[in-house]
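User: Please take a close look at one part of this protein and explain, step by step, how its elements fit together. I am a first-year student, so please define each term when it is used.

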Amino acid sequence: MRILVVEDDRRLAELLGRGLVGEGYAVDMAHDGPRGLELALQNEYDVLVLDVMLPRLNGLRLCAQLRQEGVWTPVLMLTAKDGEYDQAEGLDTGADDYVTKPFSFVALAARLRALIRRGRPERPSVIRIGDLEIDPAGRHCRRGGREMALTAREFAVLEYLASRKGQTVSKCEVLEHVWDDRFDGDVNIVEVYISALRRKLDTPFQRRSIRTVRGAGYRLDAGEGTPP
């Protein structure tokens, strides 16, 4: 089994590498983001260990770039940050696990074994509806090859509609899947985001992708015709 460790603290990297070699792994080392990216793109690894605070290209951007390049090797993020938002950011960029410093090598090795057993995940499918493309993993949306700039909430609403493409989805269903259970505002907030998506995805392209089904909700389809 071959592991790439990208860690700018050379002493920690050496200790970690020595321990992993002792566990029977082949270990490659890099001490900055660009070199780590180069090695990860050139070689086949069973798992990647990325420090977040890397020079020149941080671990979050490195992980995101690898995912954009189609590299789906399991990634364990290694960082001194332990806030839940920092962990969420790491996982949202495509990482598979997250360990904070200082850490137990025994626990780290166990997490690596679990990632290796799980294996390389398949890339989540890009959802295509006519000339509209939604990439849930990369958090990208394109229409006719043109990148669409969406807010996180707009993307979440669109992603849910796309997962139910061709089906009518009620406002309540959108709320349940996109907002958390602490939301106690007006259900019509969904209309605000639907309108925003139409302005960005439909009107400039003379499409009707997001259709209102009177009394029932909304339906996302190929969007031929003039805008609503």
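Analyst: A suitable starting point is strand β1 (residues 2–6), which is joined to β2 by 5 bridges, the two strands running parallel. Strands (E, at least two residues) and helices (H or I, at least four residues) are DSSP runs, numbered from the N terminus. Two strands pair if DSSP finds at least two bridges between them. The model is predicted, so local features need pLDDT of at least 70 and side-chain atom pairs count only at pLDDT 80 or more, while totals for chains, interfaces and linings use all residues. Residues are numbered from 1 along each chain as its sequence is written, and side-chain values use heavy atoms, with hydrogens and water left out.

One bridge in this pair can be located exactly: V6 has A30 in β2 as its bridge partner. Strand β1 is mostly covered, as 4 of its 5 residues are buried. Buried means under 20% relative accessible area, exposed means over 50%, and partly exposed lies in between (1.4 Å probe, protein chains only).

The pair belongs to an open sheet of 5 strands, in the order β2-β1-β3-β4-β5, with parallel pairing. At its edges are β2 (26–30) and β5 (97–100), each of which pairs on one side only. From one strand to the next, the twist averages 20°. Angles run from 0 to 180 degrees between N-to-C directions, and axes are lines fitted to C-alpha atoms, for helices over the stretch in contact.

Helix α1 (residues 10–22) lies across β1, β2, β3 (47–51) and β4 (75–79). The direction of α1 is at about 165° to that of β2.

Within the sheet, D51 deserves attention. This residue lies in strand β3 and counts as buried because its relative accessibility is 3%. Apart from residues up to four places away in sequence, D51 touches V6, E7, D8, G59, L78, T79 and K101. Contact here means heavy atoms within 4.5 Å. V6 is thus the bridge partner of A30 and also one of the residues that D51 touches.

With K101, D51 also makes a side-chain polar contact of 3.2 Å. A polar contact is a pair of N or O atoms within 3.5 Å; within protein, one must be able to donate a hydrogen and the other to accept it, and residues adjacent in sequence count only if both atoms are side-chain atoms. The peptide bond from K101 to P102 is cis, with omega near -5°. P102 itself is placed in the loop between β5 and α5 (105–118).

The loop between β3 and α3 holds R56. Phi of R56 is near 75°, a positive value in a residue other than glycine. In contrast to the buried D51, R56 is exposed, with a relative accessible area of 66%.

Helix α3 (residues 59–68) also has a helix partner. Its axis and that of helix α2 (residues 33–42) come within 10 Å and cross at roughly 25°. That makes α2 roughly parallel to α3, because angles under 35 degrees count as roughly parallel, over 145 as roughly antiparallel, 65 to 115 as roughly perpendicular and the rest as oblique. The crossing is right-handed: the near helix is turned clockwise from the far one by less than a right angle, whereas an anticlockwise turn would be left-handed. In this meeting, G33, G36, L37, A40 and L41 of α2 touch L62, Q65 and L66 of α3.

For context, the protein has 8 helices and 11 strands. Of its 228 residues, 41% are buried. Among contacts between residues at least 6 apart in sequence, 52% join residues at least 24 apart. An example of residues distant in sequence is the pair S170 and A216, which are 46 residues apart in sequence and 5.7 Å apart in space, C-alpha to C-alpha. Leaving aside neighbours within four places in sequence, S170 is in contact with A216 and G217. S170 is found in the loop between α6 (152–163) and α7 (171–178), and counts as partly exposed at 21% relative accessibility.
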